[in-house]
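Here is a brief report on one protein model. It covers helix packing, buried cores and a few backbone details.

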Amino acid sequence: MTGPAKSESISRYEPGSFLELLAIALPMMVGHGLESIMMMMDRVFLTWYDADAMAGSLPAGILFWTIISLFHGTASFMNTFVAQYEGAGQYRRVSAAVWQGLYFTAVAGAAVMLLAPFSTAIFAFGQHAPEVQVQEARYFSVLALGAIPQLMAPVLASFFSGR
């Protein structure tokens with residue numbers, strides 16, 4: 001597989017300019033901003049639905065993020081490998097690195113999914129009100145069952161941002 005020659009620019013902006021950086025960074029900034037707005041709106045909708053559901057979503061979300069953050073951070077390293085291999089013209093290694101990241105996140109996500117059946121016991125330790133514990137366990141179970149795609153997202157994003 002061949003790519004552009006080293007002297008050939010694939011950007012319409014001057015290489016290394018602020019506009020080139022902005023063209024690359026702006027879609028990622030907008031995407032992360034919209035994700036934050038979505039999470040905020042989820043919480044707003046939960047307050048309209050039930051106060052206990054809202055009270056249960058925060059501890060469950062924090063525990064889920066605490067568990068997957070190491071895996072998520074490790075998966076984000078794919079960005080470095082993709083950029084290095086792309087810059088060196090080693091395009092086959094780009095796909096190999098991305099596939100290794102996907103394998104890693106599939107195994108890590110499956111391990112997190114194994115926590116879903118134990119969510120009721122996990123949140124009993126918090127000694128919150130029983131109604132809140134039910135909501136915590138329910139919310140955490142849903143998050144845990146979605147761990148694989150949640151962890152694969154930074155790997156797939158790295159393929160594009162690293163290039």
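## Exposure along the chain

W99 is partly exposed, at a relative accessible area of 49%. This is a predicted model. W99 sits in helix α4. From W99 to G109, 10 residues apart along the chain, the C-alpha atoms are separated by 15 Å.

T105 also belongs to helix α4, which spans residues 91-113. T105 is buried, because its relative accessible area of 0% falls under the 20% cut-off. Beyond its neighbours within four places in sequence, T105 is in contact with A75, L151, M152 and V155.

V44 is found in helix α1, residues 18-49. With 26% relative accessibility, V44 is partly exposed. The C-alpha atoms of V44 and M54 are separated by 8.5 Å, and the two residues are 10 apart along the chain.

The table collects the accessibility values.

| Residue | Location | Relative accessibility | Class |
|---|---|---|---|
| T105 | helix α4 | 0% | buried |
| V44 | helix α1 | 26% | partly exposed |
| W99 | helix α4 | 49% | partly exposed |
| Q127 | loop between α5 and α6 | 69% | exposed |

## Packing of α2 and α4

How do α2 and α4 run relative to each other, roughly parallel or roughly antiparallel? Their axes come within 10 Å and cross at roughly 170°. The two helices are therefore roughly antiparallel, since the angle is over 145 degrees.

The α2 side of the contact consists of F64, I67, I68, F71, T74 and A75. These meet F104, T105, A108 and V112 in α4. By class, the contact holds eight nonpolar residues, two polar residues and no charged residues.

## Nonpolar cores

The largest nonpolar core has 11 residues. They are A60, F64, I68, A108, V112, A116, F123, F140, A144, A147 and L151. Two or more residues come from each of α2 (51-76), α4, α6 (130-145) and α7 (147-162). The most come from α2, which gives three.

A108 is one of the core residues. Leaving aside neighbours within four places in sequence, A108 is in contact with F71 and L151. Another core, of eight residues, lies apart from the largest one. Its members include A75, A97, V98 and L102.

## Helix α3

Which residues of α3 are buried? In this helix, residues 78-87, they are M78, V82 and E86. Viewed down the axis of α3, these buried residues fall within an arc of 60°, so they line one face of the helix. They pack against α2, α4 and α7.

## Backbone points

G89 follows α3 and has a positive phi, near 75°. Q127 also has a positive phi, of about 55°, although Q127 is not a glycine. Most residues other than glycine have a negative phi. Q127 lies in the loop between α5 (119-124) and α6. Is Q127 buried or exposed? Q127 counts as exposed, because its relative accessibility of 69% is over the 50% cut-off.

Key:
Residues are numbered from 1 along each chain as its sequence is written. This is a predicted model: local features need pLDDT of at least 70, side-chain atom pairs count only at pLDDT 80 or more; totals for chains, interfaces and linings use all residues. Side-chain values use heavy atoms; hydrogens and water are left out. Helices (H or I, at least four residues) and strands (E, at least two) are DSSP runs, numbered from the N terminus. Buried means under 20% relative accessible area, exposed over 50%, partly exposed in between (1.4 Å probe, protein chains only). Contact means heavy atoms within 4.5 Å. A nonpolar core is a set of buried Ala, Val, Leu, Ile, Met, Phe, Trp, Tyr and Cys residues joined through side-chain atoms within 4.5 Å. Axes are lines fitted to C-alpha atoms, for helices over the stretch in contact, and angles run from 0 to 180 degrees between N-to-C directions. Angles under 35 degrees count as roughly parallel, over 145 as roughly antiparallel, 65 to 115 as roughly perpendicular and the rest as oblique. Ala, Val, Leu, Ile, Met, Phe, Trp, Tyr, Cys and Pro count as nonpolar, Asp, Glu, Lys and Arg as charged, and the others, Gly among them, as polar. The arc is that of the directions from the helix axis to the C-beta atoms.
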